[in-house]
Amino acid sequence: MSQHHTDPVEENIETHPVKLAIAVTMGAVGLVVGIILLAYFAVGSHRIGENDSQANMPDAVAKRIAPAVMLEVEAAKGGNQPAVPAAASKAAITPVVAMAIPATLPSSTTIAAPTGGEGVYKSACAACHAAGVAGAPKLGDKSGWAARIAKGKPLLYEHALKGFNNVMPAKGGNPALSDADVKAAVDYLVAQVK
């Protein structure tokens, strides 16, 4: 005869089918609860905007998208009165910088175009050549200017007038300058390293 060895778990399930049904049901419930908790965690454990119900109100949105800097232009009030910065129109929007620019200059005021090499340098060239922006040779830097000067002034003039390598703008970024003024600025820069 063959001996049949019985397993206690098998024997328990066979003798108590209710226990099997309870175990399957508990497993299914645990799986569903696990999926719900995982979905809740993936979406986020809090509802967006629940804590700040005023966040999407028009005033709150206007405050968030308000400009950081406001520039107001005022018409001159006659005479030589200085322009005064205008106050912000809304108390909720506070400008970081506010300044007023007169719409017209008094008739006695004239703005002279820079003349001479130094004047043109200060108005158009110094922005880059004083600090060496984008590899620009600094004013008075002999080592920075040596190789450029060795190629000759005509090439320096050409680069200053027409721009160079998509880095240096033509006429220092001021197209109103005359060719003679730009050449004078080049002469001024070169004179500072000799």
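Me: A salt bridge is a side-chain nitrogen of Lys or Arg lying within 4 Å of a carboxyl oxygen of Asp or Glu. What makes the meeting of the side chains of Lys153 and Asp187 a salt bridge?

Reply: The model is a predicted one. In it, the side chains of Lys153 and Asp187 meet at 3.1 Å, N to O. The cut-off is 4 Å, so the pair qualifies as a salt bridge.

Me: Why is this pair said to tie parts of the chain together?

Reply: Lys153 belongs to helix H6 and Asp187 to helix H7, so the pair ties together parts that are 34 residues apart in sequence.

Me: How do you know whether Lys153 and Asp187 are buried or exposed?

Reply: Buried means under 20% relative accessible area and exposed means over 50%, with partly exposed in between. Lys153 has 33% and therefore counts as partly exposed. Asp187, at 29%, is likewise partly exposed.

Me: How many salt bridges does this rule give?

Reply: The count comes to three salt bridges. One of them joins Glu118 to Lys122, with the closest N and O atoms 3.1 Å apart. Another is formed by the side chains of Lys171 and Asp179, at 3.2 Å from N to O.

Me: Why are Glu118 and Lys122 said to be separated by about one helical turn?

Reply: Both lie in helix H4 and are four residues apart, which means a separation of about one helical turn. Glu118 has a relative accessible area of 38% and is therefore partly exposed. Lys122, at 58%, passes the cut-off of over 50% and so counts as exposed.

Me: Why is Lys171 called buried?

Reply: Its relative accessible area is 17%. Buried means under 20%, so Lys171 meets the condition. Its salt-bridge partner is Asp179; at 41%, Asp179 is partly exposed.

Me: What is notable about the phi of Lys171?

Reply: The phi of Lys171 is near 55 degrees, a positive value in a residue other than glycine. Most residues other than glycine have a negative phi. Lys171 is located in the loop between helix H6 (153-162) and helix H7 (179-191). A positive phi, near 95 degrees, is also found at Gly163, which follows H6.

Me: Which residues of H6 are called buried, and against what do they pack?

Reply: The buried residues of H6 are Leu156, Tyr157, His159, Ala160 and Leu161. They pack against H5 and H7. For the chain as a whole, 16% of its 194 residues count as buried.

Me: What is the volume of the largest pocket, and which residues are the closest to its centre?

Reply: The largest pocket has a volume of about 650 Å³. It is lined by 31 residues, of which His129, Pro137, His159, Phe164 and Met168 are the closest to its centre. Two or more lining residues come from each of H4, helix H5 (142-150), H6 and H7. H4 gives the most, with six residues.

Me: How do you know whether Ala127 is buried or exposed?

Reply: Ala127 has a relative accessible area of 62%. Exposed means over 50%, so Ala127 is exposed. The residue is in helix H4 (residues 116-129). Its C-alpha atom is 9.0 Å from that of Gly172, although the two residues are 45 apart along the chain.

Me: What makes Val18, Ile22 and Met26 a nonpolar surface patch?

Reply: These three residues make a patch of about 330 Å². A patch takes residues with over 30% relative accessible area and no salt bridge, and joins nonpolar side chains, among them Val, Ile and Met, within 5 Å. Met26, at 57%, passes the 30% condition, and because exposed means over 50% it also counts as exposed. Met26 is part of helix H2 (residues 17-43).

Me: What does the secondary structure of the chain come to?

Reply: The chain has seven helices and two strands. From the N terminus on, the elements run α-α-α-β-β-α-α-α-α.

Me: What share of the contacts joins residues 24 or more positions apart?

Reply: Of the contacts with a separation of 6 or more, 51% are between residues 24 or more positions apart. The chain exposes about 14,700 Å², and carbon and sulfur atoms supply 62% of that area.

Technical notes:
Residues numbered from 1 in each chain as written. Predicted model: local features only at pLDDT ≥ 70, side-chain atom pairs only at ≥ 80, totals over all residues. Heavy atoms only, no water. Patch = residues over 30% accessible without salt bridge, like charges linked within 9 Å, V, L, I, M, F, W, Y side chains within 5 Å. Areas by Shrake-Rupley, 256 points an atom, 1.4 Å probe, with all protein chains shown as cover. Buried < 20%, exposed > 50% of the residue type's maximum accessible area, 1.4 Å probe, protein only. Contact = heavy atoms within 4.5 Å. 1 Å grid on protein atoms, 1.4 Å probe; cavity = no way out; pocket = protein on both sides within 12 Å on 5 of 7 lines; lining within 4 Å. Points joined across faces, edges and corners; volume = space filled by probe spheres on them.
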